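Dear colleague,

Please find below the structure I agreed to pass on to you. I would be grateful if you would keep it open while reading the notes that come after it.

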Amino acid sequence: MFRKILFPTDFSEGAYRAAKQFEKVNNMPVGEVVLLHVIDEGTLEELLNGYSLLYNDEELEIEVIKEELLKKTMERLQAKVEDVKKTFGIENVKPLVRFGLPWEEIVKVAEEEDVSLILLPSHGKLGFSHEFLGSTMVRVLRKTKRPVLVIKTHPECGEDKG
């Protein structure tokens with residue numbers, strides 16, 4: 001039995017294809033899924049670098065934007081909970097939103113939640129981008145002590161289209 005699976009998502013179709021592919025071949029029961037989305041703090045700060053749009057205090061503005069992002073992202077994640085329940089055939093789905101470096105937060109949450117498996121798609125929003133493959137997926141594989149299952153989700157990677 002997979003007691004608890006960590007399923008990080010970037011809201012891409014590839015992430016949900018990975019879940020569907022996993023359930024097609026998985027014959028073990030799943031107890032709980034931790035549905036995680038990481039808001040890349042580096043990207044946020046890079047976008048706002050030196051631009052104070054509404055406030056005289058850039059730090060205050062970043063905090064206000066983070067709060068709004070957290071709220072909107074959690075709403076979006078909550079909207080996916082029913083799909084995840086249906087896909088995995090379970091009732092226990094725990095949505096989490098974190099700020100930080102995606103690979104780092106995935107590794108941290110895997111430890112904090114004591115997961116029995118991390119389920120990662122081979123491709124997310126960035127498709128074949130070396131940055132995604134070389135950064136997020138490979139770093140998770142290198143840094144975690146938890147089992148990781150990477151599922152090919154791009155047709156060019158040999159995914160079964162049926």
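The notes below take up the sheet, a helix that lies across it, and the salt bridges. Please bear in mind that this is a predicted model.

The sheet

The model contains an open sheet of 5 strands, in the order E3-E2-E1-E4-E5, and the pairing is parallel. Its edge strands are E3, covering residues 93-100, and E5, covering residues 148-151; each of them pairs on one side only. From one strand to the next, the twist averages 25°. As general background, strands of a sheet pair through backbone hydrogen bonds, in either a parallel or an antiparallel manner.

Strand E1 (residues 2-8) and strand E2 (residues 30-40) run parallel and are joined by 6 bridges. To locate this pairing on your screen, you may start from Phe7, whose bridge partner in E2 is Leu35.

Helix H1, made up of residues 13-25, lies across E1, E2, E4 (117-121) and E5. The helix runs at about 125° to E4.

The salt bridges

A search of the whole structure finds 14 salt bridges. Three pairs and one network are described here.

Lys94 forms a salt bridge with Glu113, with 2.6 Å between the closest N and O atoms. Lys94 belongs to strand E3, while Glu113 sits in the loop between helix H4 (102-112) and E4, so this pair ties together parts that are 19 residues apart in sequence. Lys94 is partly exposed, at 31% relative accessibility. Glu113, at 13%, counts as buried because its relative accessibility falls under the 20% cut-off.

In a second pair, the side chains of Arg98 and Glu105 meet at 3.3 Å, N to O. Arg98 has a relative accessible area of 22% and is partly exposed, whereas Glu105 is buried, with a value of 6%.

The side chains of Lys85 and Glu91 also meet in a salt bridge, at 3.8 Å from N to O. Which partner is buried and which is exposed? Lys85 is the buried residue, with a relative accessible area of 18%, and Glu91 counts as exposed at 61% relative accessibility.

Finally, a network of salt bridges links Arg3, Glu111, Asp114 and Arg146.

With kind regards

Key:
Residues numbered from 1 in each chain as written. Predicted model: local features only at pLDDT ≥ 70, side-chain atom pairs only at ≥ 80, totals over all residues. Heavy atoms only, no water. Pairing = 2+ DSSP bridges. Helix = DSSP H or I, 4+ residues; strand = E, 2+ residues; numbered from the N terminus. Axes fitted to C-alpha atoms, helices over the stretch in contact; angles between N-to-C directions. Contact = heavy atoms within 4.5 Å. Salt bridge = Lys/Arg side-chain N within 4 Å of Asp/Glu carboxyl O. Buried < 20%, exposed > 50% of the residue type's maximum accessible area, 1.4 Å probe, protein only.
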